[in-house]
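Here are my notes on this model, as you asked. Please read them with the coordinates open.

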Amino acid sequence: MKRIYLWEPWFFIFFGLFHMHRIWAIIDRESYASFWMGIMEKKGVPYFLIMGILAGLCVLGIITFIRERKANYLWRWIYIFGGTYVLFDLFAIAIGLRVWQKLLEAMFDITSPYWNIVWGFFIFLGTAVFVLGIKLMLKMKK
């Protein structure tokens, strides 16, 4: 029997809000890029707090997908694909993978003509995931 765990809607709501905060990137490129590049370069307490929460949620999602493999919802594939991507991203940032650093520098280049497309995609993705979280919450209450 398929079931939705209590934490699952909150997983998607959290990731949705995390991606939707990138509206700030559209509003003020310079302060957004400065803030996040600073967080990633300093690797202080905020960095490890954010990365720890993101990594923990991804691992929890992947474990849930595996445990429920015989009765999974289609949306749980997000745990596998999204979670694996996020874990790789966090790992690549943590070890300073050169190619990943160059990608991040390109993503945070405030003069890029692709700025709004890149960050708009993340906003769209975040909105979709946030809506999924709300739908799961409503489904659980039924």
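The points below go from the overall fold to single helices and then to single residues.

1. Status and overall make-up. This is a predicted model. The protein has 7 helices and 0 strands. From the N terminus on, the order of elements is α-α-α-α-α-α-α. Along the principal axes, the C-alpha atoms fill a box of roughly 50 × 30 × 25 Å.

2. Burial and contact range. The protein has 142 residues, and 40% of them count as buried. Take the contacts between residues at least 6 apart in sequence. Of these, 73% join residues at least 24 apart.

3. Helix α1, length and burial. α1 covers residues 8-20. Its end C-alpha atoms are 18 Å apart, and this agrees with the span of 18 Å that 13 residues should give at 1.5 Å a residue. The buried residues in α1 are Glu 8, Pro 9, Phe 11, Phe 12, Ile 13, Phe 15, Gly 16, Phe 18 and His 19. Which helices help to cover them? The cover includes α3, α4, α5 and α7.

4. Helix α4, length and burial. α4 runs over residues 45-67. It has 23 residues and reaches 32 Å from its first C-alpha to its last. The expected value at 1.5 Å a residue is 33 Å, so the two are close, as the same calculation states. Its buried residues are Tyr 47, Met 51, Leu 54, Leu 57, Cys 58, Gly 61, Ile 62, Thr 64 and Phe 65. Their cover includes α1, α3 (29-42) and α5 (77-95).

5. Packing of α1 on α4. The two axes come within 11 Å and cross at roughly 140 degrees. That angle makes α1 oblique to α4. α1 passes α4 in a left-handed crossing. On the α1 side, the contact is made by Glu 8, Phe 11, Phe 14, Phe 15 and Phe 18. On the α4 side, Ile 50, Ile 53, Leu 54, Leu 57, Cys 58 and Thr 64 take part. By class, the residues of this contact are 9 nonpolar, 1 polar and 1 charged.

6. Packing of α1 on α7. Helix α7 spans residues 115-141. What is the angle between α1 and α7? They pack at about 155 degrees, with their axes 7 Å apart. Angles over 145 degrees count as roughly antiparallel, and α1 is therefore roughly antiparallel to α7. The crossing of α1 and α7 is left-handed. The residues of this contact divide into 17 nonpolar, 5 polar and no charged.

7. Thr 64. Is this residue of α4 buried or exposed? Thr 64 has a relative accessibility of 7% and therefore counts as buried. Leave aside its neighbours within four places in sequence. Thr 64 is then in contact with Tyr 5, Trp 7, Glu 8, Asn 72, Arg 76 and Tyr 79. Glu 8 and Thr 64 both appear in the contact of α1 with α4. Arg 76 is 12 residues from Thr 64 in sequence, and their C-alpha atoms are 8.4 Å apart.

8. Lys 43. This residue sits in the loop between α3 and α4. Its phi is near 50 degrees, a positive value in a residue other than glycine. Please look at this backbone angle in your own viewer. The relative accessible area of Lys 43 is 29%, so the residue is partly exposed.

9. Val 99. Helix α6 covers residues 98-107, and Val 99 is found in it. Val 99 counts as exposed because its relative accessibility is 58%. How far apart in space are Val 99 and Pro 9, C-alpha to C-alpha? The distance is 34 Å, and the two residues are 90 apart in sequence. Pro 9 is one of the buried residues of α1.

Key
Residues numbered from 1 in each chain as written. Predicted model: local features only at pLDDT ≥ 70, side-chain atom pairs only at ≥ 80, totals over all residues. Heavy atoms only, no water. Helix = DSSP H or I, 4+ residues; strand = E, 2+ residues; numbered from the N terminus. Buried < 20%, exposed > 50% of the residue type's maximum accessible area, 1.4 Å probe, protein only. Contact = heavy atoms within 4.5 Å. Axes fitted to C-alpha atoms, helices over the stretch in contact; angles between N-to-C directions. Parallel < 35°, antiparallel > 145°, perpendicular 65-115°, else oblique. Left-handed = near helix turned anticlockwise from the far one by under 90°. Nonpolar A, V, L, I, M, F, W, Y, C, P; charged D, E, K, R; others polar.
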